[in-house]
Amino acid sequence: MNKFLNVIFAGFLFFSSSVIHALEVIEILGGKASQIPIAVMPFKSFGAQKDIGKINSVIKGDLGRSGLFYPLDTRGVAASPNSDKEVNFSQWKSLEAQFLIIGRIDSIQKEQIKVSWSLIDIYKQQTVLSGEYVGKNNQIRAIGHKVSDKVYERLTGSKGVFHTKIAFVEKYNNQKFKLNIADYDGYNITTLLDSKMPIISPRWSPDGKKIAYVSFEKEKPVIYIQEIATGKRKLLANFKGNNSAPAWSPDGKRLAIVLTYNTNSQIYLINADGSDVKRLIRSRSITTEPSWSPDGKEIYYTSNQGGGPQIYKFNLESSEVSRVTFEGKYNLYPSLSYDGKLLLYLTQDQGKFKVALQNLQSNQVLKLTKGPLDEAPVFAPNGHMVLFVYKNYGKTTKIGTVSINGLKIDPLPLGSRQVQEPAWGPIKN
Amino acid sequence: MKFLKLENNDELQANLFSFAIHLALFLVMVFSVGWQTKTPYYGEVELWDTVPVQKKINKTQASPKKKTKQKQNTKAQKSSEAKAKAKAQKEADIKLKKKKAAEKKAKKLKKQKAIKELKKKVLKQEKIDKLKKEMLEKEKVERLQQQIIEQQKIEKMQAELRENELKQQKKPALEGEDEVKGGVNTGELNKYKLLIQQKIQQNVNQQLCGLDYITLEFRISLMPTGELLGQPKMTKSSKIKSCDDAVERAIIQSQPLPLPKDNGLFSKLKNLELKFHPNGVE
């Protein structure tokens, strides 16, 4: 009996394998860097202020700025559907939309609103994600950013950064300086520090609660750490010579800083409480602009040890130094993506300063911007966007975002403010 | 006393030595100096700023009285001496000039040599610089080439794949083999496979698939119109949800897929296994 079953099983295996072999196989390599076409309809307002329904413009702005989405113009489209059951899919397909976001806003109490929303897959003809947020009327932009974050994460697999904060320095009255904090898109600006002396190099702590920065108020550059919630600050480094370029370690316990002390600029490590200062790299050349790898094992920095400025990395365990950038004669201001796979820096290309991105696996370099006078690029915490300073010759300095595929450059709506030195805060859980 | 005696002896010896020396010096003076015993010959010399043009001496004038002749002789001697002196002066001048010219020439040569050497050095430096530049350029080019190679890796592989498929299509015809295998034209079959591959590949958004080398597999069933029969079935995930979804969307978006009208061929293509490598293969 067992033998008989074995024979039948073997026969079945043979038959099924022959069926599998009969299947034609097509191999598809690569693809395209395309943007996902998405339609975001105005949210219907029930009892809430009418203009609040324009939350869709916040979501459109967020998704478009990422460079991975292409928000469609929906002005000619008739009424927004209330659910996926009401969606005319063939109409949306003809508009080449792959996804549709719909929503409603209900006034639940005085000043209190509830925002309900859905993400509909046009090809699958079903709702793939939905949610609700409750908040105050004046939190409508924040709620919009949260919706964008959820949609972004569902469709790209990476966390959205639309609900994060940025810091930047504003120069006003030609002599005064402010250290400002704002939403990532430049809205809701608050001032953390107002100073008569220049402020540079603001850097967020990994928990997003503090900012380290360089101030010239002691008539030379010194480093402060300031708490955002309370405004309390302490002097971290006021050593002989210049104290500059603070960079938090990923665990937030230490900082890499640059001191001139007795010699030229050199990188030192210091505990966040100001204790245990030690020199990191012993070099006759200038070593500056430190930036930690996400695992905290390496520090990338700029040095002129090979002649012109290039980016090197220092392994904290083996003390090994190796050069990282080879393309171009002038590369500086390094920073790494959250996964350590991409290196961002400033490069001089045909006399223009541009933002460059290097894949550390393949060493391919992509120039994200065209210059001519770009400065201070920093990664978004998800590594999909870059915040940087740009200006044309003799024109006002602007802060803008650029997507890492280089497809979308967007200035922050900061008007005629003279802005510089941006820093992007972490994603808050 | 003995001492005195010795002293006297020394004195005597010294005196004798002094006398001998004086005698020797006297003899040297007598024999080494040529004492003049005859009246020395002397002549008068006129000093001229410029040498006068010499007048022709007539023969009549030249055959005269003895006194005049002597006078004339003295004059001629004088003039020839002046001539000789002028000649000597001239020669000395020429010599000086020649010497100066030679010195000048030597200086010039030296200078030229120095310039030549400098030029040589500059050329050498230029050569080194050029070599360095070339090496740097070469390095740059090599790096660029490497990058291009990396960048084109996917395209190359795709091209190879296409080429292979085309070869397979051409092969039976070239070798005169039967194109029809099991009632199916393999060339036509490969052509449609290639068309399907191209259409789907254009819709894969590789940005949603990270940077690593990953593979996904889907199975699809098709209607004769090229539309999907049901949803694509994923048999191997990339383990990146956004990538799995993006590839699935690419398949759906590619409808209708190009299919042959021939029933035999269609039956071969109605069930397909699609293997995706969005970031290429290692």
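The exercises below, each with a worked solution, go through a predicted model of two chains, A and B.

The model is predicted, so that local features need pLDDT of at least 70 and side-chain atom pairs count only at pLDDT 80 or more, while totals for chains, interfaces and linings use all residues. Residues are numbered from 1 along each chain as its sequence is written, and chains are lettered from A and ligands numbered from 1 in the order in which they are written.

**Exercise 1. Describe the secondary structure and burial of each chain.**

Step 1. Begin with the elements, where helices (H or I, at least four residues) and strands (E, at least two) are DSSP runs, numbered from the N terminus. Chain A has four helices and 31 strands, whereas chain B has seven helices and five strands. Along its sequence, chain B reads α-α-α-α-β-β-α-β-β-α-α-β.

Step 2. Turn to burial, for which a residue is buried if 20 or more other C-beta atoms lie within 10 Å of its own, exposed if 12 or fewer, and partly exposed in between, with C-beta atoms placed from the backbone. Of the 429 residues in chain A, 41% are buried; of the 282 residues in chain B, 14% are buried.

Step 3. Consider contacts, which two residues make if their C-beta atoms, placed from the backbone, lie within 7 Å. Among contacts between residues at least 6 apart in sequence, 42% in chain A join residues at least 24 apart, and the corresponding value in chain B is 72%.

**Exercise 2. Characterise the packing of α2(A) against α4(A).**

Step 1. Two packed helices are described by the angle between their axes and the distance between the axes. Axes are lines fitted to C-alpha atoms, for helices over the stretch in contact, and angles run from 0 to 180 degrees between N-to-C directions. Helix α2 (residues 55-65) and helix α4 (residues 140-156) of chain A pack at about 45 degrees, and their axes are 8 Å apart.

Step 2. Classify the angle: under 35 degrees counts as roughly parallel, over 145 as roughly antiparallel, 65 to 115 as roughly perpendicular and the rest as oblique. α2(A) and α4(A) are therefore oblique to each other.

Step 3. Assign the hand, which is left-handed if the near helix is turned anticlockwise from the far one by less than a right angle, and right-handed if clockwise. The crossing of α2(A) and α4(A) is right-handed.

Step 4. List the residues that meet: α2(A) brings Ile55(A), Val58(A), Ile59(A), Asp62(A) and Leu63(A), and among their partners in α4(A) are Ile140(A), Ile143(A), Val147(A) and Tyr152(A). The residues of this contact divide into nine nonpolar, three polar and two charged, where Ala, Val, Leu, Ile, Met, Phe, Trp, Tyr, Cys and Pro count as nonpolar, Asp, Glu, Lys and Arg as charged, and the others, Gly among them, as polar.

**Exercise 3. Work out how chain A touches chain B.**

Step 1. Count the two sides: 27 residues of chain A are in contact with 39 residues of chain B.

Step 2. Locate the side that belongs to chain A, where β1 (24-29) and α4 are the elements that give two or more residues, and β1(A) gives the most, with six residues. This side divides into eleven nonpolar, eleven polar and five charged residues.

Step 3. Look at the strands, which pair if DSSP finds at least two bridges between them. β1(A) and strand β5 (residues 271-277) of chain B pair in the parallel sense over six bridges, and Leu29(A) stands opposite His277(B).

**Exercise 4. Find the backbone exceptions and place each one.**

Step 1. Recall that most residues other than glycine have a negative phi, and most peptide bonds are trans.

Step 2. Identify the cis bonds. One joins Gly371(A) and Pro372(A), with omega about 10 degrees, and Pro372(A) lies in the loop between β26 (365-367) and β27 (375-379) of chain A. Another runs from Gln255(B) to Pro256(B), with omega near -10 degrees, and Pro256(B) sits in the loop between α6 (241-253) and α7 (263-269) of chain B.

Step 3. Identify the positive phi values. Glu219(A), which is not a glycine, has a phi of about 60 degrees; this residue is in the loop between β12 (210-215) and β13 (222-227) of chain A, and with 7 other C-beta atoms within 10 Å it is exposed. Ala245(A) has phi near 50 degrees and is found in strand β15 (residues 243-248) of chain A, where Ala245(A) counts as buried, with 26 C-beta neighbours inside 10 Å.
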